[in-house]
Amino acid sequence: MTDTPQITTRSDGLLANIAGNYAILPSGAAYCSGIVPDQGYEVVRAELQSWAPLGEAYGFIESYLKSIGRPVQAFCGIELRVPEPLTFDKWSSFNVPYLAKLREWGLVFGDYSLVCRSNIALDLHPPVATAMCAFSYTVPRTVKATTFLLSGQADIGADGKIIAEGDTSPAAMQRRTRFTIDTVGTTLAKLGHSWSETTRIALFHAHEIPELWGPALLGALGEPIRRGVLVYRARPPIAGGEVELEARAIRQELSLPNR
């Protein structure tokens with residue numbers, strides 16, 4: 001079992017993962033809201049050339065980080081693809097083995113996960129079982145760069161209630177999208193960053209979002225939009241959710257063979 005990393009609370013309210021070289025904006029048991037690397041470090045994102053079933057992904061992460069001389073506590077983000085949206089009961093069961101692995105790695109502090117996560121239910125060609133498509137970790141940086149990572153933000157409030165639940169009308173889809181944009185913007189500010197520093201924004205939805213690129217929605221983000229937005233036909237992992245938004249700033253993105 002991995003030793004629990006030393007965790008301290010910074011003056012800005014973030015939790016410092018000393019062994020992993022990053023600070024965490026806590027959110028809940030399953031995932032944190034976002035992370036920022038320590039000074040002198042950066043976040044690297046690694047995408048798998050072949051998605052790995054989640055049970056196999058853990059071993060791959062451990063072996064890969066060991067091969068590059070990084071502790072498993074440097075693991076700071078995971079991107080999952082699930083076969084279909086889950087009910088809240090099934091969501092709780094889904095998290096049990098995942099959180100057991102994080103505890104083994106020393107990446108749970110009290111009631112808080114120290115790792116960013118996104119779970120996406122693809123509308124087209126979903127995997128037959130939960131699979132990891134990418135993960136992120138920290139490394140010493142060789143050039144000055146701003147990097148950070150956020151968890152995916154679904155159209156679900158902090159109280160666990162789905163925004164405009166059961167409604168996929170044009171107005172409801174706009175409201176759901178506006179909620180994710182506002183919440184991600186708030187998270188960025190708490191991390192000490194802004195939309196202008198992002199290098200990638202991704203949006204997941206299956207129903208039409210009218211005036212998506214207009215000034216009330218994505219158009220309000222300003223210059224980051226000229227870098228484009230990845231749009232997927234997909235949904236959040238909780239049944240009833242319809243919109244999820246991701247944002248990150250990454251300098252190095254790798255494509256790793258895993259077969």
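**Cores, pairings and charges: a dialogue**

Student: What is Ile35 in contact with, leaving aside its neighbours within four places in sequence?

Tutor: Ile35 is in contact with Tyr22, Ala23, Ile24, Val43, Cys76, Leu114, Cys116, Phe148, Leu149 and Leu191. Keep in mind that this model is predicted.

Student: Which residues touch the most other members of the largest nonpolar core?

Tutor: Ile35, Phe75, Leu102 and Phe135 do. The core has 47 residues.

Student: Which elements give two or more residues to this core?

Tutor: Five strands do, with two helices: E3 (22-25), E5 (41-53), E6 (75-82), E9 (116-122) and E10 (131-140), then H1 (54-67) and H2 (88-104). H1 gives the most, with six residues.

Student: What other core lies apart from it?

Tutor: One of 25 residues. Leu217, Ile225, Val229 and Leu245 are among them.

Student: Now the strands. What makes E5 and E10 a pair?

Tutor: Pairing needs at least two bridges. Nine join E5 to E10, so they pair. They run antiparallel. As one example, Ala52 stands opposite Met132 in E10.

Student: How do you know that E5 also pairs with E16?

Tutor: Apply the rule of at least two bridges again. Five bridges join E5 to E16 (residues 252-256), so these strands pair too. This pairing is parallel. In E16, Gln252 is the bridge partner of Val44.

Student: Where is Asn258, and why is Asn258 called buried?

Tutor: Asn258 is in the segment after E16. Its relative accessibility is 15%. Buried means under 20%, so Asn258 counts as buried.

Student: What makes the link from Asn258 to Ser50 a polar contact?

Tutor: The Asn258 side chain reaches the backbone oxygen of Ser50 at 2.6 Å. The limit for a polar contact is 3.5 Å, so the distance qualifies. Leaving aside neighbours within four places in sequence, Asn258 is in contact with Leu48, Gln49, Ser50, Trp51, Ala52 and Phe60.

Student: Why is Arg81 said to have no salt bridge?

Tutor: Arg81 is in strand E6 and is buried. The nearest side chain of opposite charge, Glu79, is 4.6 Å away. A salt bridge must fall within 4 Å, so this pair fails.

Student: What is Arg81 in contact with, leaving aside its neighbours within four places in sequence?

Tutor: Its contacts are Trp51, Ser118, Ile120, Leu122, Pro127, Ala129, Thr130, Ala131, Cys133 and Phe204.

Student: What makes Arg45 and Glu79 a salt bridge?

Tutor: Their closest N and O atoms are 2.7 Å apart. The cut-off is 4 Å, so the pair counts. Arg45 is buried, and so is Glu79.

Student: Why does the pair of Arg45 and Glu79 tie together parts apart in sequence?

Tutor: Arg45 lies in strand E5 and Glu79 in strand E6, so the parts tied together are 34 residues apart in sequence.

Student: How do you know that Asp123 and Arg233 form a salt bridge?

Tutor: Here too the closest N and O atoms are 2.7 Å apart. That falls within 4 Å, so the pair qualifies. Asp123 lies in the loop between E9 and E10, and Arg233 in strand E14 (residues 230-235), so the pair ties together parts 110 residues apart in sequence.

Student: Why are Asp123 and Arg233 called partly exposed?

Tutor: Partly exposed runs between under 20% and over 50%. Asp123 has 29% relative accessibility, so it counts as partly exposed. Arg233 has 45%, so the label fits there too.

Student: What are the accessibility values of Glu253 and Arg248?

Tutor: Glu253 is at 40%, which makes it partly exposed. Arg248 has 7%, under the 20% limit, so it is buried. The two form a salt bridge, with closest N and O atoms 4.0 Å apart.

Student: Which residues are joined into one network by salt bridges that share partners?

Tutor: Arg45, Glu47, Glu79, Glu246, Arg248 and Glu253. The salt bridge count comes to 14.

Student: Last one. Where does Ile163 lie, and why is Ile163 called buried?

Tutor: Ile163 lies in the loop between strand E12 (153-154) and helix H3 (170-190). Its relative accessible area is 13%, under 20%, so it is buried. Leaving aside neighbours within four places in sequence, Ile163 is in contact with Asp155, Ile156, Gly157, Arg175, Arg176 and Phe179.

Student: What separates the C-alpha atoms of Ile163 and Thr146?

Tutor: A distance of 32 Å, with the two residues 17 apart along the chain.

Note on methods. Residues numbered from 1 in each chain as written. Predicted model: local features only at pLDDT ≥ 70, side-chain atom pairs only at ≥ 80, totals over all residues. Heavy atoms only, no water. Core = buried A, V, L, I, M, F, W, Y, C linked by side-chain atoms within 4.5 Å. Buried < 20%, exposed > 50% of the residue type's maximum accessible area, 1.4 Å probe, protein only. Helix = DSSP H or I, 4+ residues; strand = E, 2+ residues; numbered from the N terminus. Contact = heavy atoms within 4.5 Å. Polar contact = N/O pair within 3.5 Å; in protein donor to acceptor, adjacent residues only side chain to side chain. Lys, Arg positive; Asp, Glu negative; His and termini not counted.
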